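Dear colleague,

Please find below the structure that I am handing over to you. I should be grateful if you would look it over before reading the notes that come after it.

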Amino acid sequence: MFPITNQQRQNRDPRCVSEDLKVAGAKTLYEKLWDSHRVCDLADDEALIYIDRHLVHEVSSPQAFAALRASERQLRRPLTHYAVADHAVPTRNRTDAIEDPLARAQVAELEDNVADFHVPYAALQGADQGIVHVIGPESGFTLPGTTIVCGDSHTTTHGAFGALAFGIGASECGTVMATQCLRQKKALTMLVQLSGIASRHVTAKDIALALIARIGTNGAAGYAVEYAGPVVSAMSMAERMTLCNLTIEAGSRVGLIAPDETTLAFVKGRRLAPQGPSWDRAASYWLSLLTDASAEYDSIVELDLDRIEPQVTWGTSPDQTVSIAQAIPDPTAIADTSARRQAETALDYMGLKAGTPLEGTVISHVFIGSCTNGRIEDLRAAAAVAAGRSVASDVTAIVVPGSGATRLQAEAEGLDRIFSEAGFQWRHPGCSMCVAMNDDRLEPGDRCASTSNRNFEGRQGAGGRTHLMSPAMAAAAAITGYLTDVRKIAE
Amino acid sequence: MKPQPFKTLFGTAAPLEQDNIDTDIIFPARFLLITAREGLGRYAFHDRRFESDDQENPDFILNQQPFREAPILLAGANFGSGSSREQAVWALLGFGIRSIIAPSFGEIFQANCLRNGILPITLPDHIVRQLLGRALSGLNLTIDLESQTVAVDDESRFDFDIPPERKLALINGWDETAQILNQKANEITAFEARQRQEQPWLYEREIDQ
Ligand code: SF4
């Protein structure tokens with residue numbers, strides 16, 4: 001919208017040159033993506049931006065389809081949309097009808113809408129079903145160099161491919177359906193430069209949480225964030241997606257990583273990816289989507305990974321994060337009154353005491369899944385910790401693969417057996433306890449070690465308490481029954 | 001959907017002092033199963049407004065007089081952060097809220113407000129704090145979009161910024177989709193023709209059909 005405040009302009013990193021000194025023609029990745037999708041300029045410093053891809057799910061689309069019907073509009077390009085039911089679907093079984101009448105009606109409405117408007121649909125019972133942000137990349141619907149939107153804020157995930165991907169509201173979904181465009185204001189650019197070496201069990205999740213703790217949940221608001229550095233180049237696509245996914249928790253709608261050989265290797269051969277001569281042409285274009293050496297960012301943040309340890313959130317906001325070995329912060333030590341009050345409220349809600357160690361806090365639930373950490377690599381990391389061990393007796397632990405393909409792959413590798421034998425429940429794909437819209441939810445007072453992305457009040461069920469962490473850390477908590485440093489049990 | 005036009009607003013401001021009031025607090029996820037956009041007012045701030053037995057929580061400010069019918073919210077920083085759910089905005093609208101004043105907003109939430117005829121006003125932190133401090137004893141505000149001012153009980157007055165085109169859209173209740181279709185159809189077609197040349201792979205599936 002109007003994301004750039006004067007305050008932010010003044011807060012620009014002094015090492016960044018001002019707008020007028022920017023080297024003529026040199027562009028950041030974000031600027032290249034922006035320019036290549038600008039249909040025309042609009043008033044208020046905004047532009048009409050062309051949207052190449054739209055992921056549709058059952059929760060944010062019914063109102064958009066209803067608006068299309070009411071105004072007798074059609075979809076401009078039906079095949080640029082891809083629909084799936086993921087948010088509210090049950091994960092216990094896929095053969096019976098959905099029990100919850102509201103959820104059943106919502107999925108039925110989506111099925112009617114995609115049939116009426118000819119939108120490609122990954123059916124609930126089929127192997128293509130999964131979380132929007134997992135099946136987009138898996139199917140090749142997500143491509144580098146494109147603009148991708150979805151009525152879900154974690155659309156930042158697809159930025160891992162060098163795509164300009166951002167979350168939108170339901171009304172905007174309707175605008176994209178009818179016009180293939182959105183009104184947007186160009187963001188400022190922020191480079192997050194990762195240096196150092198992440199030690200074992202320090203994952204993309206830990207890096208993202210440490211970054212959010214450092215810059216705050218509003219720290220990147222108004223910026224398009226680009227991640228770079230040797231650590232990023234060495235990351236798998238799964239890790240890159242985790243990193244970009246969590247960018248929204250720092251307040252930014254856009255997280256980006258430039259396409260490279262790792263990106264191409266992931267995309268090549270996917271069902272909806274270009275083939276043959278088209279592939280070659282696309283691949284060489286995608287590899288040109290690098291920030292120019294002389295381009296300047298509006299802000300630069302450096303994060304040294306040498307100092308980062310496995311992270312766990314203690315509060316009700318993703319920036320309320322510490323290392324597992326640290327004590328729960330003491331609000332009275334916080335100078336800023338508003339942050340102090342917020343910390344006090346959070347501790348009260350979380351039922352925790354300032355100054356006591358976070359490690360050892362008894363949990364009742366474990367959730368491994370979500371678009372943040374529900375990919376095969378995440379399940380492998382959790383299974384490696386779970387293998388040959390047992391879930392603590394008072395803990396309910398569920399593993400919810402991010403997609404049907406992930407579930408099949410995990411079963412082919414025998415991960416489902418490892419989990420089941422250890423006492424984890426092996427589920428069908430969906431958002432599940434990330435958003436608690438189905439029957440996977442916490443009761444008041446339950447405490448959950450979760451690989452999802454939000455520890456907001458009530459996010460996993462009214463009165464439920466959430467600690468965010470990596471898949472290996474969540475698996476370790478499941479085994480001991482309390483928040484645990486995975487390095488102590490997995491060496 | 002045409003939003004309700006916004007011109008001036010007079011009314012009580014309800015103080016919600018906390019920072020980072022996220023969309024899960026404004027509209028808990030379990031109510032996202034409802035596919036209508038009307039009638040969501042009863043779910044606004046549901047888990048704060050109601051106890052687990054569905055009784056009203058008398059301690060929550062929006063359950064108290066004179067705030068029950070307040071058309072204005074006065075909130076802490078980063079209001080509406082978190083999820084993109086537009087239901088948060090529809091619920092506030094259904095609850096009778098037409099303007100929110102805060103030091104900053106979640107970006108997607110702010111965009112959603114403007115599309116639905118709710119005016120999000122950003123004022124400097126110290127002014128919001130000052131207003132918050134006075135709001136508990138009842139504070140009436142007059143918001144005038146034309147002159148871009150918030151007036152407090154006729155004694156002080158604060159200016160706010162809003163991009164001119166957004167202002168016009170709010171005042172007139174314009175529907176964004178219709179505007180794009182009516183005004184930019186040629187530009188969109190020209191863009192597609194160019195992109196089809198340069199990145200034909202983005203159109204291949206449509207040729208197959
Ligand atoms: S897993 Fe959670 S964050 Fe991801 S799309 Fe689903 S609800 Fe949104």
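The notes below cover the ligand surroundings, the contact between the chains, one loop residue and chain B. Please bear in mind that this is a predicted model.

Ligand surroundings

In chain A, the residues around the ligand include four cysteine and histidine positions that you may wish to locate on screen: His87(A), His133(A), Cys431(A) and Cys434(A). Also among the surrounding residues are Ile131(A), Asp152(A), His154(A), Ser370(A), Cys371(A), Val435(A), Asn453(A) and Arg459(A). Sorted by class, this shell consists of 5 nonpolar, 5 polar and 2 charged residues.

Contact between chain A and chain B

On the chain A side, 78 residues are in contact with chain B, and 63 residues of chain B take part in return. Together the two chains bury about 6,100 Å², of which 55% is on carbon and sulfur atoms. There are 8 salt bridges between chain A and chain B. One of them joins Arg253(A) to Glu107(B), with 3.9 Å between the closest N and O atoms. The two chains also have 30 residue pairs in polar contact, both residues being at pLDDT 80 or more.

Several elements of chain A give two or more residues to the side that touches chain B, including strands S1 (38-41), S2 (46-50) and S8 (181-185). Helices of chain A that do so include H3 (62-70), H4 (101-117), H6 (170-179), H11 (276-287) and H12 (337-350). The largest share, 7 residues, comes from H6(A). By class, the side of chain A that touches chain B has 35 nonpolar, 23 polar and 20 charged residues.

A loop residue in chain A

Gly445(A) is found in the loop that runs between strand S17 (425-426) and strand S18 (447-450) of chain A. Because its relative accessibility is 40%, Gly445(A) counts as partly exposed. Beyond its neighbours within four places in sequence, Gly445(A) is in contact with Gly463(A), Gly464(A) and Arg465(A). Glu344(A) is 101 residues from Gly445(A) in sequence, and their C-alpha atoms are 17 Å apart in space.

Chain B as a whole

Chain B contains 8 helices and 7 strands. Its C-alpha atoms fill a box of roughly 65 × 45 × 25 Å along the principal axes. Chain B has 209 residues, and 62% of them count as buried. Of the contacts in chain B between residues at least 6 apart in sequence, 62% join residues at least 24 apart.

With kind regards

Conventions
Residues are numbered from 1 along each chain as its sequence is written. Chains are lettered from A and ligands numbered from 1 in the order in which they are written. This is a predicted model: local features need pLDDT of at least 70, side-chain atom pairs count only at pLDDT 80 or more; totals for chains, interfaces and linings use all residues. Side-chain values use heavy atoms; hydrogens and water are left out. A residue is near a molecule or strand if one of its heavy atoms lies within 4 Å of it. Ala, Val, Leu, Ile, Met, Phe, Trp, Tyr, Cys and Pro count as nonpolar, Asp, Glu, Lys and Arg as charged, and the others, Gly among them, as polar. Contact means heavy atoms within 4.5 Å. Buried area is the accessible area (1.4 Å probe) that two parts lose on being put together, summed over both. A salt bridge is a side-chain nitrogen of Lys or Arg within 4 Å of a carboxyl oxygen of Asp or Glu. A polar contact is a pair of N or O atoms within 3.5 Å; within protein, one must be able to donate a hydrogen and the other to accept it, and residues adjacent in sequence count only if both atoms are side-chain atoms. Helices (H or I, at least four residues) and strands (E, at least two) are DSSP runs, numbered from the N terminus. Buried means under 20% relative accessible area, exposed over 50%, partly exposed in between (1.4 Å probe, protein chains only).
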